[in-house]
Amino acid sequence: MTTQKITMGADGRLNIPDNPIIPFIEGDGIGPDVWGASKLVIDAAIAHAYGGNRKIEWLEILAGEKAFNKTGEWLPIETLDKAREYLISIKGPLTTPIGGGIRSLNVALRQELDLFVCLRPIKWYKGVPSPVVHPENVNMTIFRENTEDIYAGIEFSAGSPEAAKLLSFLTNELGAGKKIRFPESSAFGIKPVSKDGSERLIRAAIQYALDNKLPSVTIVHKGNIMKFTEGGFKIWGYELAEREFGDKVYTWGQWENARKTQGEEAANAKMKSETAQGKLIIKDVIADNFLQQILLAPQDYSVVATLNLNGDYISDAAAAAVGGIGISPGANINYVTGHAVFEATHGTAPRFANTDTMNPSSLLLSGVMMLEYMGWNEAAKLIEDALAATILSKRVTIDFYNLMKDATLLKTSEFAKEIIKNGVMEG
Ligand code: NAD
């Protein structure tokens, strides 16, 4: 078998050869342990699912401490070039350099490849210890905008010449100085939210919901307070849904119009019939309310499209509800160019480096997301089912062991072998 590159076709669909080259960053701290375990399971699942006709050719690329020790750079240009060239890559956690020129390696990767979606599936696996009564009701996929918002990094510290200049501009040019309670001691942050950026995120979320036959997309925002940024996100989202997806969707905006012209009862009946016809419902919820709704009525939410900062909070809060903060996977994707980096969502846990004790599930499940993105769904399902069975059998790593009754403690590498055994992937 010759190894090949994954490419993006003119039709906007990925071409995935049977022997694709996929770059990986093993990561720092516990990275080598959890990556070693994940790779073992991913390779076994592919070999088993496709009878040896498909195989990933892994290509190591360097980032983080390992890169710094070998090359003197935290994120060598070659790493970015390879991630760009091969489209899809996967990474373990990376140390955030302290006091260096790079704010965060993860942020740098996202910006360089313009990975505008941070994708976080939130799902409960039976047996995973959870703080809520019905974790089985949670099954959400969060699309967090990854390139804009307050995360753009346009900030000026209090007392700096830049802050003084901005204050003077706000006061003299825009007449907004009076809105600032303590002008002289204020730091400032700028929150850019664009129509283009909002639309590409919401478009990807709607397409994902349609492709996966999911019931709804919820736009989560703080448009009641931030009318033009977060409010714009909501309005642009509804407009895009109706303009680009036509009769595949039914929006709360359309419901509202029906309510105004035909009355509430008729509007509700229309909504019911549109839902029954399998239309994707596009709705919106204000972010603070959403944070309580995911605890009170998580079954009402499926795909979520939200801005960068909201998405940061929501992803972790929702992951905690399913006990999955340590095992929840993530990916950063540009659906237009095809670039995608799949990653563990936890950090490097340096205290536990090379102890072979940590849970590899976050990275492994991000590998499952990667296989799904590639259309290798059989291998993805094999891993997910085997992981679920392993958790259910209570033969687990220390984090779950500590929270489960009558569990058996396994090392990271033993847990991987157990998953392979439960998925009948050996041989
Ligand atoms: P962390 O996630 O590394 O660790 C916090 C605690 O969570 C650990 O002490 C451990 O008890 C637990 N934990 C983490 N991963 C686990 C796993 N796989 N299995 C079981 N338990 C696990 O967070 P931190 O200590 O705040 O950060 C350490 C370093 O990681 C910092 O340099 C930080 O910048 C970096 N970091 C990187 C990423 C990333 O690369 N995506 C994300 C977060 C933090």
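## Around the ligand

Let's start with the ligand: one of its oxygen atoms sits 2.8 Å from a polar backbone atom of L94. Keep in mind that you are looking at a predicted model. Side chains join in too. T96 offers a side-chain N or O atom 2.5 Å from a ligand oxygen, and N106 has a side-chain N or O atom that lies 3.1 Å from an oxygen of the ligand.

How much of the ligand does the protein bury? Taken alone, the ligand exposes 810 Å², and the protein buries 62% of that.

## Who is in the shell?

There are 18 residues around the ligand, and the ones that come nearest are L94, T96, G347, A349 and N359. So two names from the polar pairs above, L94 and T96, turn up again in this nearest group.

What kinds of residues make up the shell? It divides into eight nonpolar, eight polar and two charged residues.

## A look at T79

Now hop over to T79, which you'll find in helix α3, running over residues 77-86. Is T79 buried or exposed? It counts as buried because its relative accessible area is 3%, and the cut-off for buried is under 20%.

What does T79 touch? Leaving out residues up to four places away in sequence, T79 is in contact with I25, I61 and L62. With L62 there is also a polar link: the side chain of T79 reaches the backbone oxygen of L62 at 2.4 Å.

Notes
Residues numbered from 1 in each chain as written. Predicted model: local features only at pLDDT ≥ 70, side-chain atom pairs only at ≥ 80, totals over all residues. Heavy atoms only, no water. Helix = DSSP H or I, 4+ residues; strand = E, 2+ residues; numbered from the N terminus. Buried < 20%, exposed > 50% of the residue type's maximum accessible area, 1.4 Å probe, protein only. Polar contact = N/O pair within 3.5 Å; in protein donor to acceptor, adjacent residues only side chain to side chain. Contact = heavy atoms within 4.5 Å. Near = heavy atom within 4 Å. Areas by Shrake-Rupley, 256 points an atom, 1.4 Å probe, with all protein chains shown as cover. Nonpolar A, V, L, I, M, F, W, Y, C, P; charged D, E, K, R; others polar.
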